[in-house]
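Could you walk me through reading this structure, feature by feature? I'd like the general idea each time, and then the case at hand.

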Amino acid sequence: MTAPVQPPPAGVARFRTRLLLAMMLVVSAATALSLFFAQRHVAAAAQRSLNQEFQDALASLHAVQAVRDAVLAERCRTLARRPRIHAALEDNALDLLYPSSEDELSDVREGAAGPAGERETYALRARFYRFLDRRGAVLSPPDPAREGALAPAEEAALALPGAPGRPQTGYLARSAGGAEPVDEVIAMPIVSTETGEVIAALVLGFKPLELAGAPTDAALRSGVWLDGRLHLPALGAPARAAVAARIARALAAGGPGEASFPIDVEGTPSLLFCLRLNPGSLYPPAYQVSIYPLTAAVARQRRLTWQFLAAGGLLLLGAFAASELLAVRLSAPVEQLAVKSEADRVGRRQAEAALELTSEELQRSARFSADASHQLKTPVTVLRAGLEELLASEILPPETREELAALVHQTFRLTSVIEDLLLLSRMDAGRLQIDFRRVDLTPLVEAWLDDWGALPDGRDLAVETDIPPALVVSGEARYLTLILQNLLENARKYSRTGGRVRIAAWAEGPWAILRIANNGDPIPPAAQAHIFERFHRGPVGENVPGHGLGLNLARELARLHRGDLRLARSDEAWTEFEVRFRLADPAPAAAPEVR
Amino acid sequence: MKPARPLLLLALLLAPARPGRAETAVEGTVALPKSPAAPVMVKRYEIVAKAGVLSTYPPVAVVYLEGEFPKAASLPVEQVAQQNFAFVPALLAIRAGTRVEFPNRDDTYHNIFSYSPAKRFDLGRYRPDERPIPSVLFDTPGLVVLRCDIHEHMRGLILVLDTPYWVVTGTDGRYRLSGLPPGHHTLKVWLDSHTTLSRTVDLAPDTTLRADFP
């Protein structure tokens, strides 16, 4: 049955390979996916952080602007309340407007007061200022040098469609010098204290606030996009024009609010952010433009990519190794199963064949027994009937009749053997069903003992009985009788003349136990093992009637009754058989009767 | 110069008391803008501005006769005081060439100035005890808006006229301008800083002409 360890069959190897391939595929896909997402995430995060940086910087710029605007608004309110300014505006004395405001605005104007160092940094210092009249037209100062000189075109650019109701932020491209600097312009409304109307506006020009660029990224370049032109001195003119055009396109496409896109600036891949500086203003829109060169980011990204790839490769290798291990581990039971099932199949086939053979033999032998019994029964009956007829006729001499009587007796033996064989063959064929009922053993034994007394026998046996008044077992009466008959018959047969037969019965647990003993010649130990075999007869009695089926039949029947029959002892004193049956009403947990 | 003023006042006071006496005059009613819920107890005029137009509150008008009149040899000095952070009177009509004093009757500084084309001046800051009382000679006809550089809400009006004949209407718009030279003249009504009505009148000697505006 034990199959030798074979190399795994082809199917199992294929299974293992397929398993490994599937796992590698899954692992590769998972690695690639995670790499892809991780890199995308990192790239997006980098851009997001840049964007955030820009937005933060711009937000702080706006915050500073807001503070400055609030201060200026307050100053304008104060200014607008100044009776002289009011008088100049309301009493048709515009020539006195600038002279009157000089004192008021002296602390706002650059260079008018304060140390020189402070001037550069102080965000509240105006480079120039102008008044707009009620209609938004610029009131030219009589002496522009005092209010900050402006070219006529620049001054005209300050005009608004009307004096604004709210502060307006604008940007003014200065033509002075080649650098094309941009000044930030704030138009603050001047509201009449008398009427609550906006009667004029004060326009102040400032050096634009510097975008608080990320200090880590010194390469950040930032400027202002105004009217289709990019004012970013750090950039060469051609690049500037190209970027400006690109911004104009992006703004036209993506709405007026903001834009951010990657762009190549002078051969450097960069990220460009632009956000409107003066949302909602009456002045032309101006955009803060920041260009982050991505060289560092790209290098970082490339490094990251390599790291990712290396990590992915290592991961993949590890995963492949793990896959291999796992595939082996997973397929091992399958292999074992395959081997085992192969061995099993062989074994089973053999067993089945053997079983079939045995069954066939058994069937054949059982059938043979049955057939033989039936075939024998009829001639025996015919024989007996003939003999009895002869016996009944008066013509034969008495000695012949005696022999005939002996022959008739032999036919009875023959019938008995045949019946036993028939019964055995039915049992062998599994066709004997016990019809379990409640049967009292005591009357059976007593009836037999009664018959026994009537037997013409010169053995002079003393029979001792120790039987309870009733011992109800579960079984079928005719087979129980047969068992008892066989045992008692045996006891009688094998007793020595003048011997004793002892019959004892009791209930013990679920069992009804019956012991039948006789004293006669002991069964030799060598023969004890075989006494229950068919056609075995003890060596003692060739003269003893019997055919070697009784004990076998009794034991088979006892076992069919879920009981048993055994030889309890066999020595010089006693040969004792013990048969046990199931009690019909087992004593519930009662202390068993100890004998 | 000083005694002339009481005499003039006396003359003005006596004039309505002698209605029987014939004189050349013009009288009538100026339709004044309705002032919603006119406070009756207001005794002095305040200057109010609406859409950049200055007028008195409650509304009054100045009726004056325009023409070529001989120059006066001397004109009395008028006064516009600063009292309780307001100009008193808020509206003063004077003949060109009149000097107006601006006494400070508040216990604080005032700084009277004007950017009006008719007269630009700036008296600077001064206290009530400033002597001599700061004064300005108004020699150009026109409307002068008085302001205080310290108290932005203070407004006063001085209507400088090129005529000796003018009168301020009552708050009901009624006026009587008497002692006029007979002849062909232009009668004007100043209503506010942007509105002056005018019509020609032929004044017959010793008769009272009725002229309503508009």
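What follows is a dialogue between a learner and a teacher.

Q: Before we start, what kind of model is this, and how are things numbered?
A: It's a predicted model, where local features need pLDDT of at least 70, side-chain atom pairs count only at pLDDT 80 or more, and totals for chains, interfaces and linings use all residues. Residues are numbered from 1 along each chain as its sequence is written, while chains are lettered from A and ligands numbered from 1 in the order in which they are written.

Q: How should I read the confidence of chain B?
A: pLDDT is the predictor's confidence in each residue, from 0 to 100. Chain B averages 81, with 83% of the residues at 70 or above. Watch residues 13-20 of chain B, though: pLDDT stays under 50 there, and the model has one contact for them beyond four places in sequence. Two residues are in contact if their C-beta atoms, placed from the backbone, lie within 7 Å. For the model, the scores are ipTM 0.71 and pTM 0.51.

Q: What is each chain built from?
A: Helices (H or I, at least four residues) and strands (E, at least two) are DSSP runs, numbered from the N terminus. Chain A has 13 helices and 17 strands; chain B has one helix and 19 strands.

Q: How much of each chain is buried?
A: Buried means 20 or more other C-beta atoms within 10 Å of a residue's own, exposed means 12 or fewer, and partly exposed is in between, with C-beta atoms placed from the backbone. By that count 27% of the 595 residues of chain A are buried, and 30% of the 214 residues in chain B.

Q: Which residues of chain A touch chain B?
A: Interface size is often given as the accessible area lost when the parts come together, but here we count residues. There are 13 from chain A in contact with twelve from chain B. Helix α2 (residues 83-90) of chain A gives the largest share of chain A's side, five residues. That side splits into five nonpolar, three polar and five charged residues. For those classes, Ala, Val, Leu, Ile, Met, Phe, Trp, Tyr, Cys and Pro count as nonpolar, Asp, Glu, Lys and Arg as charged, and the others, Gly among them, as polar.

Q: Where do I look for a core?
A: In soluble globular proteins, nonpolar side chains tend to be buried together. A nonpolar core here is a set of buried Ala, Val, Leu, Ile, Met, Phe, Trp, Tyr and Cys residues joined through C-beta atoms within 7 Å. The largest has 64 residues, and those with the most contacts inside it include Val224(A), Trp225(A), Ile247(A) and Val289(A). Leaving aside neighbours within four places in sequence, Val289(A) contacts Leu230(A), Leu272(A) and Cys274(A), among others. Apart from that core lies another, of 46 residues, including Ile47(B) and Leu161(B).

Q: How do I check a helix such as α9(A)?
A: The expected span is 1.5 Å times one less than the number of residues. Helix α9 (residues 398-428) of chain A has 31 residues and should span 45 Å; its end C-alpha atoms are 44 Å apart, which agrees. Now its buried residues: an α-helix has 3.6 residues a turn, so residues three or four places apart point the same way. In α9(A) the buried ones are Ile418(A), Asp420(A), Leu421(A), Leu424(A) and Ser425(A). After the helix comes Gly430(A), with a positive phi near 75°.

Q: Is helix α13(A) mostly covered or uncovered?
A: Mostly covered: nine of the eleven residues of helix α13 (residues 550-560) of chain A are buried. The cover includes α9, α11 (477-494), β16 (564-570) and β17 (575-582) of chain A. Just after α13(A), Arg562(A) has a positive phi of about 65°.

Q: Which strands stand at the edges of the five-strand sheet in chain A?
A: Two strands pair if DSSP finds at least two bridges between them. The open, antiparallel sheet runs β2-β1-β5-β4-β3 in chain A. β2 (138-139) and β3 (168-173) of chain A are the edges, each with a single partner strand, so one side of each lacks a neighbour in the sheet. β3(A) pairs with strand β4 (residues 182-191) of chain A over six antiparallel bridges, and Ala173(A) sits opposite Val182(A).

Q: What does a hairpin look like in chain B?
A: Take β17(B) and β18(B), with two residues between them. Nine bridges join β17(B) to strand β18 (residues 195-203) of chain B, running antiparallel, and His185(B) has Val201(B) as its bridge partner.
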